[in-house]
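Student: I should like to learn how to read charge pairing in a protein model. Where does one begin?

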Amino acid sequence: GKLTEEEGFYRGQWGISRDNYGRWLYNHNSTWIQADFFQAEDLILPGVQARYSGLAVNLTNTAEVFSVRVNPGVNRAYLDDTLRSDGRLFRATGVSGLVAYRGDQFPAEFANDVFVPEAAGNVVAQFALNEQGMTLQAKQRLYEDEQWGKRDFLGSVHERFRPVHAMNGPDGALYIIDMYRGIIQDDHFLTDELREQIFQRGLDSPVGMGRIWRVRHTAGKTSPPLALAGASDEDLIEALKSGNGWVRDTAQRLLLQSTADLTRALTSVAMGDDTLAALHAIWTLHGRGELQAESVIELAVMPDVQRQVQVLRAGRELLSTEQILGLAESLVEAPEAVVVQLAFAMTDHSYTPAVRAALLDLLSVQSNSGYVAQAVVRAVFG
């Protein structure tokens with residue numbers, strides 16, 4: 001294959017993750033979670049600088065930290081509002097590699113929660129995502145603590161506990177990468193006050209002692225990971241129905257490498273009752289070049305918002321102008337997220353008067369949606 005590089009939408013500083021529906025989640029050092037409510041590449045015109053709604057949305061108004069130790073060794077600790085009155089870090093300053101939990105080892109109530117390391121506060125924070133139409137909101141999950149009242153999901157009294165990245169594991173558990181060192185601040189931004197602390201308290205050593213923590217829930221399952229190496233195509237297709245996102249992703253990757261004819265079997269999963277399995281099947285068909293226009297049309301009108309959105313994105317290049325017009329008539333009153341993606345799918349056909357008229361119909365029926373409006377404008381530009 002040939003590696004192709006394209007300049008994309010700027011997404012954060014230190015980490016990026018996708019949820020089960022393919023939405024990007026990311027952050028900056030002082031923001032817990034930012035999100036794209038749809039794929040930026042469908043909207044942004046190359047070379048055009050503009051402000052877009054629904055991209056890089058901050059899901060938490062404040063970025064409070066609830067650590068379990070006093071945190072003197074943070075940059076600019078002398079400034080107001082950096083530390084709480086009890087000496088703990090007040091607002092996030094060292095946020096990094098977040099992950100949308102897609103495993104199945106934790107109980108179901110934690111499905112789609114987001115775990116975010118904060119190295120300066122020696123914690124990993126946890127957030128429950130809540131869908132409001134096509135938008136997302138995040139609520140920080142806090143736990144009772146005898147000494148401090150409230151604490152974040154995972155914290156340590158050890159100053160060298162420096163969580164910097166979180167990942168889903170093949171066993172469905174949560175994995176945390178801990179840099180384990182005293183100094184985490186880049187030398188270009190190191191304040192004199194923190195530099196003195198480093199020397200006084202010996203924070204410059206040891207180094208080279210990073211570790212990986214596996215976090216499991218006591219009420220979760222204890223079964224071993226599903227073995228996929230050497231699995232048959234039939235077993236891999238069945239694995240698309242797993243509750244473990246790592247398993248589904250790996251099965252999809254292996255199915256993309258198969259040389260067998262899997263069109264009928266994968267299409268059956270795409271049409272089935274399991275939404276997540278259907279999404280993986282759709283994109284596996286797309287990656288194998290086996291997605292068919294007839295299937296796209298059938299899936300696009302199913303009463304399943306996520307399936308509709310994904311198939312309109314995966315199959316847009318397969319649809320003729322006539323087929324696009326038929327979908328526009330069927331979906332004009334569909335949920336907002338579906339209409340936004342439909343407008344994006346109409347982009348390649350917007351040079352025709354009939355499609356432009358259909359776009360105006362979408363705009364008229366969905367007149368209260370700014371997201372639909374900007375998608376229609378993008379479509380008109382072609």
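Tutor: One begins with the criterion: a salt bridge is a side-chain nitrogen of Lys or Arg within 4 Å of a carboxyl oxygen of Asp or Glu. The general idea is that side chains of opposite charge can pair when their charged atoms come close. The model shown here is predicted.

Student: How many salt bridges does a search of the whole structure find?

Tutor: The search yields 19 salt bridges. One of them joins Asp42 to Arg316, with 3.8 Å between the closest N and O atoms. Asp42 belongs to helix α1, whereas Arg316 sits in the loop between α8 and α9, and the two are 274 residues apart.

Student: Is Asp42 buried or exposed?

Tutor: Buried means under 20% relative accessible area. Asp42 is therefore buried, at 9%, and Arg316 is buried as well, at 14%. Asp42 and Arg316 also take part in a network of salt bridges with Arg313 and Asp348.

Student: What separation, N to O, is found for the salt bridge of Lys221 and Asp104?

Tutor: The separation is 3.0 Å. Lys221 lies in the loop between β14 and α3 and Asp104 in the loop between β5 and β6, so this pair ties together parts 117 residues apart in sequence. Lys221 is partly exposed, at 31% relative accessibility, and Asp104 is partly exposed at 23%.

Student: Which residue meets Lys241 in a salt bridge?

Tutor: The partner is Glu238, at 3.7 Å from N to O. Lys241 has a relative accessible area of 41% and is partly exposed; Glu238, at 48%, counts as partly exposed too.

Methods
Residues are numbered from 1 along each chain as its sequence is written. This is a predicted model: local features need pLDDT of at least 70, side-chain atom pairs count only at pLDDT 80 or more; totals for chains, interfaces and linings use all residues. Side-chain values use heavy atoms; hydrogens and water are left out. Helices (H or I, at least four residues) and strands (E, at least two) are DSSP runs, numbered from the N terminus. Buried means under 20% relative accessible area, exposed over 50%, partly exposed in between (1.4 Å probe, protein chains only).
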